[in-house]
Amino acid sequence: MKKANNYQTLYRRNFDTGRVIIDIALEDYIDFFHEWDNSAFKKRDIHAELAQFLDLCSEDIPLRKKLEIVFSLNTVEISKEKEELIRTSYRYYYNSLKRLENRKTKRLVRNSIHLLFISLILLSAYGALINIKKNGIISRVFLESLLIGGWVFTWEAVHLLFIDITEPFRRSRELKRFLEADLSFKYLNK
């Protein structure tokens, strides 16, 4: 119970929407972006430390809670255009991460299906060859290898499909929450 409510002492809450607020202080709009990214302004990457900070905050907050991200800027210039560019870049960034996680999930499922297919072949071969008279050690070793190999491939497929896939699913839910987050701006020198 103590750990579950710990995030409530670290983060504010928007009582109108019920969202958990992550506060981020920036000196200027440009601080949002990665300093080495010279691409078109709309598609620039989020600053690596900011993305890492958001991930750390997200780990503290239960996945069922919706987020609101408040950027507090220490600038006298208020630019709705730059606010929109930040919103656009934020969405591009998290959409691309979500696509990568979806690809990773599909790859895990595809690999699991391949492993199941291989295990089915090995176990079928074992079932077909088990009734053949086993005279030598080589034939016994071969049959046992088919059986053991079939079960190992089956286990690896089940492991991928039911255990390894939980992390990409969790990360995908986390990224979806970032995409659904409300972004707002607060100006300190106003």
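A residue counts as buried here when its relative accessible area is under 20%, and as exposed when that area is over 50%. Keep those cut-offs in mind as you click through this predicted model.

**Stop 1: helix α5.** Select residues 166–179. The 14 residues of α5 should span 20 Å at 1.5 Å a residue, and the end C-alpha atoms are indeed 20 Å apart. Now colour the buried positions of α5: Pro 168, Arg 171, Ser 172, Glu 174, Leu 175, Arg 177, Phe 178 and Leu 179. Show their surroundings too, and you will find that the cover over these buried residues includes α2, β3, α3 and α4.

**Stop 2: Ser 172.** Stay in α5 and zoom in on Ser 172. Is Ser 172 buried or exposed? Its relative accessible area is 11%, under the 20% cut-off, so Ser 172 is buried. Setting aside neighbours within four places in sequence, Ser 172 is in contact with Lys 98 and Asn 102. Both of those partners are worth showing as sticks.

**Stop 3: where α4 meets α5.** Add helix α4, residues 137–164, to your selection. The two helices pack at an angle of about 25°, with axes 6 Å apart. Angles under 35 degrees count as roughly parallel, and therefore α4 and α5 are described that way. To see the contact itself, pick Phe 162, Ile 163 and Asp 164 on α4, then Thr 166, Glu 167 and Pro 168 on α5. By character, the residues of this contact divide into three nonpolar, one polar and two charged.

**Stop 4: Leu 67.** Move on to strand β3 and centre on Leu 67. With a relative accessible area of 0%, Leu 67 is buried. How far apart in space are Leu 67 and Arg 177? They are separated by 110 residues in sequence, yet their C-alpha atoms are 7.0 Å apart. Beyond residues up to four places away in sequence, Leu 67 touches several others, including Val 20, Ile 22, Ile 61, Arg 177 and Phe 178.

**Stop 5: helix α2.** Finish with residues 48–60, a 13-residue helix reaching 19 Å from first C-alpha to last, close to the 18 Å expected. Highlight its buried residues, Leu 50, Ala 51, Leu 54, Cys 57 and Ser 58. Turn the view to look down the axis of α2: these buried residues fall within an arc of 125°, so they line one face of the helix. On the other side of α2, Glu 49, Gln 52 and Glu 59 are exposed. What covers the buried residues of α2 includes β2, β3, α3 and α5, the helix of the opening stop.

Conventions
Residues are numbered from 1 along each chain as its sequence is written. This is a predicted model: local features need pLDDT of at least 70, side-chain atom pairs count only at pLDDT 80 or more; totals for chains, interfaces and linings use all residues. Side-chain values use heavy atoms; hydrogens and water are left out. Helices (H or I, at least four residues) and strands (E, at least two) are DSSP runs, numbered from the N terminus. The expected span of a helix is 1.5 Å times one less than its number of residues. Buried means under 20% relative accessible area, exposed over 50%, partly exposed in between (1.4 Å probe, protein chains only). The arc is that of the directions from the helix axis to the C-beta atoms. Contact means heavy atoms within 4.5 Å. Axes are lines fitted to C-alpha atoms, for helices over the stretch in contact, and angles run from 0 to 180 degrees between N-to-C directions. Angles under 35 degrees count as roughly parallel, over 145 as roughly antiparallel, 65 to 115 as roughly perpendicular and the rest as oblique. Ala, Val, Leu, Ile, Met, Phe, Trp, Tyr, Cys and Pro count as nonpolar, Asp, Glu, Lys and Arg as charged, and the others, Gly among them, as polar.
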